[in-house]
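Please open the model in your viewer and keep the selection tool handy. We will go from stop to stop, selecting a few residues each time and looking at what is there.

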Amino acid sequence: MSVERIIVEGGKTLTGTVQVSGAKNSVLKLMAASILASGTTTLTNVPRISDVALMEEVLRHLGATVIAENNTLTIDTSNLSCYEAPYELVNRMRASTAVLGPLINRFGKARVAMPGGCQIGSRQMDLHFAGLEALGVAFENKHGFINASVPSSGLKAGRVALGFPSVGATENLMIVASAIPGTSVIENAACEPEICDLAEFLIAMGAEIKGQGTPVITIQGTQDFSPVTDYRTVGDRIEAGTFLVAGALGGGPVTVQGFNPEHLRIPLAKLKALGCVLDIAHQSVTVTHEGAFKPTDIQTLPYPGFPTDLQPQFMVLAALADGVSVITENIFENRFMFVDELVRMGATVHLEGHHAVIEGVKQLSGAPVQASDLRAGAALVLAGINAEGSSHISEVEHIYRGYEGLVEKLQGLGAAIHHG
Ligand code: UD1
């Protein structure tokens, strides 16, 4: 267990401007997709977070040379020699499975450790397998590894209908279909902005893709991929949403910049419903808030619905509302694990299956609490911003997986927060 903590003294007014980093959930897939082409890819606006460092390790294990300099990554895949993502790495970061599709394309086979459960739920891969099998990939699950292979007749372009718009399955399918001659169609595809970012990256590499951002993606495959230089990672909408909640808790005005507000349409509508005043510009949003929050109901859904990755942060606002709110979690079954910690800080939350009924209180109270996962950790830091007294958040390595300089950025807005 790590001894590192984040310590927050609550009750400070937050004002100023904060810049969000590139999206974790996009850059990890761009890094994996760089495997498709032999040569040097450069990615910019790359967040310096530990999940990116782990994906660097995965790529190095495959034989790539990876150089990280400030927020730019240079990945040379010319001498890729290995098609295996080992258990030690997949176990530490489930998103390592994003190399499955790229390895199938590059080597005609892949050996990827089967991910186990994770803190927020069981996270099966059945949709990845069913979709890729429909394109001709053969799978064998043995000794804890997924062994994927391409038959000697090759893969066949085709139509794949996903049973659920899984982000990871859509990404692996889009990547594999990009290398199959002919037209493939993914139906009931995920529509997340990070899917669009990956599609744009694949297009820059040589694929023809249409419909990204809608439930029907059409892909014209190529076998001629070129590496892309200077590809800028899309701004992180989840980090932006996290800082907008911080601004709401700290009164503001807080301007969050470096992302596309269109990517947060429903969370912005919920902030307004909670009583925040928003000024929405081209690449930024300014939030101000006074008095008590209004209660609201939220249910997490695939994009453009309310993102599960902002559910814990918004529960902090609901915990301070003047009335009863209901939050329904539809994507991951264990995403209420942090609720007990929030209750230790004075929140009143009753869980009924995948519903949380939250009776607002006037103020939270600082306490030692433990982060159970990345977004839960961020939510506890946000709770500390409101709380009376000091909060000590432990297990903060979860937070560093996905937030670049969270403590420093909040200090820049005037929060009394430090590493402990
Ligand atoms: C991605 C994001 C994660 C976000 C999630 C939903 C990354 C690295 N992570 O995760 O932050 O919370 O999207 O927006 O991009 N499922 C199956 N079978 C499958 C695949 C998924 O049952 O084959 C289930 C999962 O268990 C989960 C739900 O579908 O309950 C959503 O998963 P998915 O959309 O695939 O999320 P990830 O790509 O894992």
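Start by selecting Glu262, His263, Leu264, Arg265, Ile266 and Pro267, then add Tyr303, Pro304, Gly305 and Pro307: together they line the largest cavity of this predicted model. That cavity has a volume of about 40 Å³. The count of cavities of 30 Å³ or more comes to 1. Colour the lining by class and you will find 6 nonpolar, 2 polar and 2 charged residues.

**A cis bond in the lining**

Keep Tyr303 and Pro304 selected and show the backbone. What kind of peptide bond joins Tyr303 and Pro304? The bond is cis, with omega at about 10°. To place Pro304, look in the loop between strand E18 (297–299) and helix H10 (311–318).

**A second cis bond**

Next, select Gly252 and Pro253, which are also joined by a cis peptide bond; here omega is about 5°. Pro253 belongs to strand E15, residues 251–257. As background for both stops, most peptide bonds are trans.

**The ligand**

Now centre the view on the ligand and bring up the residues around it. The shell holds 20 residues, and those that come nearest are Asp126, Leu127, Ser166, Asp309 and Ile331.

Which backbone atoms should you pick out here? Try these three distances in turn:

- From a polar backbone atom of Ile331 to an oxygen atom of the ligand: 2.6 Å.
- From a polar backbone atom of Leu127 to an oxygen atom of the ligand: 2.7 Å.
- From a backbone N or O atom of Gln124 to an oxygen atom of the ligand: 3.3 Å.

Switch on a surface for the ligand at this point. Taken alone, the ligand exposes 740 Å², and the protein buries 85% of that.

Step back a little and colour the helices. Helix H1 (24–33), helix H5 (126–134) and helix H6 (167–177) each give at least two residues to the shell around the ligand. Which helix supplies the largest share of that shell? The answer is H5, with 3 residues.

Colouring the shell by class shows 7 nonpolar, 6 polar and 7 charged residues. Then colour by domain, with domain 1 as 6–21 + 235–419 and domain 2 as 24–232. Each of these two domains contributes at least three residues to the shell around the ligand.

**The second largest pocket**

From the ligand, go on to the second largest pocket, which has a volume of about 350 Å³. Its lining is made of 22 residues; select Gly291, Ala292, Leu320, Lys362 and Asn386 to see the ones closest to its centre. Helix H8 (237–250) and helix H12 (374–386) are the elements that give two or more residues to this lining. H8 provides the largest share, 3 residues. By class, the lining of the second largest pocket comprises 8 nonpolar, 10 polar and 4 charged residues.

**Last stop: a loop residue**

Finally, select Asn70, in the loop between strand E4 (65–69) and strand E5 (72–76). Is phi of Asn70 positive or negative? The value is positive, near 50°, in a residue other than glycine. For context, most residues other than glycine have a negative phi.

Definitions and conventions: Residues numbered from 1 in each chain as written. Predicted model: local features only at pLDDT ≥ 70, side-chain atom pairs only at ≥ 80, totals over all residues. Heavy atoms only, no water. Near = heavy atom within 4 Å. Polar contact = N/O pair within 3.5 Å; in protein donor to acceptor, adjacent residues only side chain to side chain. Areas by Shrake-Rupley, 256 points an atom, 1.4 Å probe, with all protein chains shown as cover. Helix = DSSP H or I, 4+ residues; strand = E, 2+ residues; numbered from the N terminus. Nonpolar A, V, L, I, M, F, W, Y, C, P; charged D, E, K, R; others polar. Domains from an automatic or database assignment. 1 Å grid on protein atoms, 1.4 Å probe; cavity = no way out; pocket = protein on both sides within 12 Å on 5 of 7 lines; lining within 4 Å. Points joined across faces, edges and corners; volume = space filled by probe spheres on them.
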